[in-house]
Amino acid sequence: GAGEPDDKFIEERRLLRNAAAVEKNSGIYASSDDEDFQARAKEIELRKTLQSREKADKEAKEAKAKAKAQEKEDKKNEVKLEPKGESDMLFADAEAASGDESEEDKEKKKPEGKKGKEKKEKKSKRKDKKSKEQTADLLDMGADDPPAAAAAKGGDDLDDFFASPPAKKAAGDDFPEPKSKGKDEKAEKKSKKKAKEEPEESEEEEEDKTEKKKRKDKDGKSEKKDKKSSKDKDSKDKKGGKDEKPSRRDAEPPKLIPRTLGGDSRLKATYEARAATDSQAKVPPVVVAFTMSNISEFALTPVSLNLTSSMMARVTAPAPDMASLRAGDEAKMRAELSVGAANKPLKIKCNLKYEATGDGAPAAPVSLTCELLLPCSAFIMPRELPAEEFNQLLSNDLPHKNSAVVEAAGRPFKQTVALLAKLLNLALIQGQEGAASLYGVSVLGHHIAVLAKAKGGSMVSVDMRSSDEALGKELCNEVSALPLFIAQ
């Protein structure tokens, strides 16, 4: 009829309502983007302050260590002052006299072995035998040799002999008198015994001399070895201890720090997020690996993590509950999410629950509210590509350009490239000295190409090409914050 609205009017009203709804939703997303940017800025600023504090502490420790080492060197290099006055000279002479022992004294102080003891015993036996034979000879000689006979008989007779004055010689006493036959035989026997004993004693003296010489040679060799080893040690210390510390190139590449989810004084939760590379789904899911660490003295039973789905992120595989987590232990749990956007970070609300058991533990279960932040790098999958196709892709299909600079901090260029590939989940296409190219694809089909070049002053430039401008910008922001995520 005339008062009823026509179909055209109804259609226009419906279109206006839809437009208003779209405008309202876009405002909501814009506000959420601003909140995300502010949160990221705060997180980056906090990490920078923490890193600067750690660096300052490290430099202070190194300065203390250097000061201690310098003090030790100064003590070693102190030279003793030479004595100047007479009193100083006297003290120096006394120290030298008391400190320097003769070689014979050192030999006497040395512990005797079995051979030395046996030689001493043999020597004493020979001396006893010799003295006995001498006494027998003297007794046989009798009055012909008064001093010898007196010595053999006793000390009184010997004193009497030396007390009596010697008899005067006659004119013909200068020539020897002829001896009897018995006396001659005794003298010959005596001379033969002396001849036998003399070579034995000379052999013993030679053996003692050779042994002393060997000991001196050994001592000299040991002293030379000690001097040589000390010189080698000093030379190594001067060179900087190259044998003890491995070079920077041989060291393993540094690891990335996992992101923090939340926690309290008893439980700490961290996570790492990556796109699944083995999924057959049209939109591969994002796999989040959580690490739960019990930092308390209580057992936590059970531990659960609930993720809340949103319009842009839907939980496809929730994290299973943990039956128990003992004190000081850590365990992992895994969840999967399907995302509706890959060109901006996404936030997912989480609830972490646990119950502590033990003496002094809280009676009620603990519930912690936290937020899971998924960066844009979590939506990237590494993709290998031939060099020709990569160059063709750069020239035709990747119009958006972004760039960033990373400080290598003394690391080799290869290690910096490995860190970039791990942070952004990219595959290495080409690599040479001072240049490397990387490539990846997002779960929604965006292309990302990166060219890294070594610059002067330990800097690395990162030039990025992408098929989506917002995605390239977000990934460049992550590259700029790379030093904050490197484990020291």
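**Close-up views of side-chain pairs**

**View 1. E336 and its salt-bridge partner R334.** With a relative accessibility of 21%, E336 counts as partly exposed, since buried means under 20%. This is a predicted model, and in it the side chain of E336 meets that of R334 in a salt bridge, 2.9 Å from N to O. R334 is partly exposed too, at 48% relative accessibility.

**View 2. A salt bridge between strands β7 and β8.** Here K347 and E371 form a salt bridge whose closest N and O atoms are 4.0 Å apart. The pair links distant parts of the chain, as K347 sits in strand β7 (residues 346–357) and E371 in strand β8 (residues 366–374), 24 residues apart. K347 is partly exposed at 26% relative accessibility, and E371 is partly exposed at 41%.

**View 3. A salt bridge within helix α1.** R14 and E11 join their side chains in a salt bridge of 2.3 Å, N to O. They are 3 residues apart in helix α1 (residues 7–76), so about one helical turn separates them. R14 has a relative accessible area of 37% and is partly exposed; E11, at 35%, is partly exposed as well.

**View 4. A tilted aromatic pair, Y271 and F290.** The structure holds 2 aromatic pairs. In this one the ring centres are 6.3 Å apart and the planes stand at 45 degrees, so the pair is tilted. Y271 belongs to strand β2 and F290 to strand β3, 19 residues apart. Both Y271 and F290 are buried.

**View 5. An edge-to-face pair, F390 and Y439.** The centres lie 6.2 Å apart, with 80 degrees between the planes. F390 is in helix α8 and Y439 in strand β12, so the pair ties together parts 49 residues apart in sequence. F390 is buried at 5% relative accessibility, and Y439 is buried at 4%.

Methods:
Residues are numbered from 1 along each chain as its sequence is written. This is a predicted model: local features need pLDDT of at least 70, side-chain atom pairs count only at pLDDT 80 or more; totals for chains, interfaces and linings use all residues. Side-chain values use heavy atoms; hydrogens and water are left out. Rings of Phe, Tyr and Trp (its six-membered ring) pair if their centres lie within 6.5 Å; planes under 30 degrees apart count as stacked, over 60 as edge-to-face and the rest as tilted. Helices (H or I, at least four residues) and strands (E, at least two) are DSSP runs, numbered from the N terminus. Buried means under 20% relative accessible area, exposed over 50%, partly exposed in between (1.4 Å probe, protein chains only).
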